[in-house]
Amino acid sequence: MHLPEIDRYGRGHSPLHRLDPRLKLPALGVFLLATNLTWKLPLAALFLLVAFLLTLLSRLPTNFVLWHLRAPAALGLILAFLLAIFTPGAPLVGPVTREGANLAATVFFKILASFLYFISMVATAPLFRTIQAARALGAPEKLLALFLFTYRYLFALLDRARNLSLAMQARGFREKTDRRTYELKARLYALLFLRAYEETERVLLAMYARGFSNPRVTLPQPLTSAQVLRGLPLLSLALLLLALNFFW
Amino acid sequence: MHIADGVLPVWVSASGWAVTVAGLAASLRKLPPEEIPRLALLTAAVFLASLIHVPLGPTSVHLVLNGLTGILLGPLAFLAFFVALTLQALLFQFGGLFSLGVNTLVMGGPAFLVGWFSRRSSLALKPPLAGLLAAAAVLLSGILLALALSFSGEAFLKVARLALLAHLPVAALEGFITALIVVALRKVRPGILALALGVSFLWIPQALAHRLDLDVFPEKDTLHIEAFFPDGTPARNDQVVLYCGDQKVATATTNQEGVALLPRPNCPEAKVVVKGKLGHRVERMVKLSRSPSPPSSPKGHPKNSSRAVSHREPLPLTGILAGLGFIFGLSALILSWDTRRRLKELASPGN
């Protein structure tokens, strides 16, 4: 069991790293809206190309991007295959129709483009800065605090989950599709929840003892005009792509 | 189970976000700030548990756990699922930020329903019913997923059918394992599920959660007093004090049914005070004319002397079934309208 860190390369010196997350998050929203609006193959290909160029601009390590690309690419390929054979139309190759291939490619490009926009905007800043930006943009503080606490506890509980799995393997547990395996897995889940409950009491008492009452997510410093100017090209590009949907 | 960005039409994603934002706003309003760390730990546990794979034939699947989360967290499971799905989108790129609203509805919606049910009925803590609820939650998630996909086009409709079919074995497995988890929790730490219900009580406004209520029935020589909490649970072994003006005239303790009998005082108006545990307290003025008087409570005077008054509200099963029927009916209407539109498009001369 492994938990990847999306902000492992959040501190860098690329043009995207230098942009404030308060500008990158709205730009990401517009990029995603533009990409999700289109159902035309040339436009989807153009959006993918722009997303690819932005990812190059972010100077994120290729291995890191490829590792995170696995899930959307796999899901996208399965979906594209099904769409290619299920869409009615003129036959192209075997069960694949011309319309099906067109739709499959469009959807696949859109999935990849959405992912690349996401990673180039979110992975180029420490996660805490992105959360602060969300707070500055009006996201509820309680929700963000819950998110930050959950993210923190994930890594604490992960060790316990690893220990439990390791203990099972050390005692010769081998997985099969049978009742015994399911019973043991159910006990593993139950133990994980029990450990979490025990932890809640301990953590809460410790926090109350330190005067905890209301979690706060601090606001970042106000944006300077230089920061806004630096973000304008990105926002303009996002708006241009959005406008293309209506004029293409 | 997760819908990636770029698959759904924008109006479906936007509608999903709109409903999810409304659900989140309601959940956040009910969540006391000091309980955030507790909910966060349980959300983290749900997230990690959903990463553990379970073998199924030649492959392995990971459980959705929305039924179990509903049982453990109550209606706040919706909030927990939103956070867990955001983390999955951020860390593993399962789903996406644009389709996060729909994904939360697909998985958190059934968790909310199970949580709502389990908060009203302790039956949800019985392993067989817990298993059934978990299987139903996964099936409902499958239906919602298929519904969301079906809005994207005819080709997606077939994908949606396949996705729904793929949910059947997962639902059966999820139901079976959830029942086993509940068995294990009851065996290892019987109080843990009650504690889980305690967490789900966060959903109840605090003023309501701590409110004690009472009914007073004046009789010929006695005052029949019943003390209870809003969910109908009797207030047991609590002290009842009767005042005439400022003078204390009698005291008693409620029995296991929350009932106490006090002698009827000779004053025109008396004050009944019930002092419960943990600071619960309720008082009520009662007019005591010698003529037969109406009860002080709007619940009505029981007709017979056995006082078989139940304050517990029965589970509105008919209402639940009618609501589910309404949702399915509405879905069927939308689907039939969509299919008719597509058929018309196909039959149009341009095609």
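Where in chain B is the place of B:Gln93? In this predicted model, B:Gln93 sits in the loop that runs between helix 4 (77–91) and helix 5 (100–120) of chain B. Its phi is near 60°, a positive value in a residue other than glycine. B:Gln93 has a relative accessible area of 4% and is therefore buried, since the cut-off for that class is under 20%.

A second residue of chain B may be set beside it. B:Asn237 belongs to the loop between strand 4 (222–228) and strand 5 (239–244) of chain B. Its phi is near 55°, and this too is a positive value in a residue other than glycine. B:Asn237 is partly exposed, because its relative accessible area is 48%. Thus B:Gln93 is buried, whereas B:Asn237 is partly exposed.

The surface of chain B also carries a nonpolar patch. The patch is formed by B:Leu113, B:Ile143, B:Leu321, B:Leu324, B:Phe326, B:Ile327, B:Phe328, B:Leu330, B:Leu333 and B:Ile334, which together have about 900 Å² of accessible area. Which helix gives the most to this patch? The answer is helix 10 (residues 317–347) of chain B, with eight residues. One of the patch residues, B:Ile334, is found in that helix. B:Ile334 has a relative accessibility of 34%, so it counts as partly exposed.

Attention now turns to chain A and its helix 6. In this helix A:Leu127, A:Thr130, A:Ile131, A:Gln132, A:Ala133 and A:Ala134 are buried. Against what do the buried residues of helix 6 of chain A pack? Within chain A they pack against helix 2 (21–37), helix 5 (98–122) and helix 7, and they also pack against helix 4 of chain B. Helix 4 of chain B is one of the two helices that flank the loop holding B:Gln93.

A:Thr130 offers a detailed view of this region. A:Thr130 lies in helix 6 (residues 127–136) of chain A, and its relative accessible area of 10% is the reason why it counts as buried. Leaving aside residues up to four places away in sequence, A:Thr130 touches A:Pro21, A:Leu25, A:Val122 and A:Ala125. A:Tyr189, by contrast, is 59 residues from A:Thr130 in sequence and 32 Å from it in space, C-alpha to C-alpha. After helix 6 of chain A comes A:Gly138, whose phi is positive, near 110°.

Helix 7 of chain A covers residues 141–170 and has 30 residues. From its first C-alpha to its last it reaches 43 Å, close to the 44 Å expected at 1.5 Å a residue. Where does this helix bend? Helix 7 of chain A bends by about 30° at A:Phe155. Just after the helix, A:Gly172 takes a positive phi of about 85°.

Salt bridges form the final topic, and the structure holds nine of them over all chains. One lies within helix 7 of chain A, where the side chains of A:Asp159 and A:Arg162 meet at 3.5 Å, N to O. These two residues are three apart in the helix, which means that about one helical turn separates them. A:Asp159 is partly exposed because its relative accessibility is 42%, and A:Arg162 is partly exposed as well, with a relative accessible area of 37%.

Another salt bridge joins A:Arg160 to A:Glu199, with the closest N and O atoms 3.1 Å apart. A:Arg160 lies in helix 7 of chain A and A:Glu199 in helix 8 (residues 179–209) of chain A, so the pair ties together parts that are 39 residues apart in sequence. Are these partners buried or exposed? A:Arg160, at 29% relative accessibility, counts as partly exposed, while A:Glu199, with a relative accessible area of 11%, is buried. A:Arg160 and A:Glu199 also belong, with A:Arg202, to a network of salt bridges.

A further salt bridge brings together the side chains of A:Glu175 and A:Lys185, at 2.6 Å, N to O. A:Glu175 lies in the loop between helix 7 and helix 8 of chain A, and A:Lys185 lies in helix 8 of chain A, so this pair ties together parts that are ten residues apart in sequence. A:Glu175 is partly exposed, with a relative accessible area of 42%, whereas A:Lys185, at 5% relative accessibility, counts as buried.

Definitions and conventions
Residues are numbered from 1 along each chain as its sequence is written. Chains are lettered from A and ligands numbered from 1 in the order in which they are written. This is a predicted model: local features need pLDDT of at least 70, side-chain atom pairs count only at pLDDT 80 or more; totals for chains, interfaces and linings use all residues. Side-chain values use heavy atoms; hydrogens and water are left out. Patches are made of residues with over 30% relative accessible area and no salt bridge: like charges are joined within 9 Å, nonpolar side chains (Val, Leu, Ile, Met, Phe, Trp, Tyr) within 5 Å. Accessible areas come from the Shrake-Rupley method with a 1.4 Å probe; for residues, only the protein chains shown count as cover. A salt bridge is a side-chain nitrogen of Lys or Arg within 4 Å of a carboxyl oxygen of Asp or Glu. Helices (H or I, at least four residues) and strands (E, at least two) are DSSP runs, numbered from the N terminus. Buried means under 20% relative accessible area, exposed over 50%, partly exposed in between (1.4 Å probe, protein chains only). The expected span of a helix is 1.5 Å times one less than its number of residues. The bend at a residue is the angle between axes fitted to the seven residues ending there and the seven starting there. Contact means heavy atoms within 4.5 Å.
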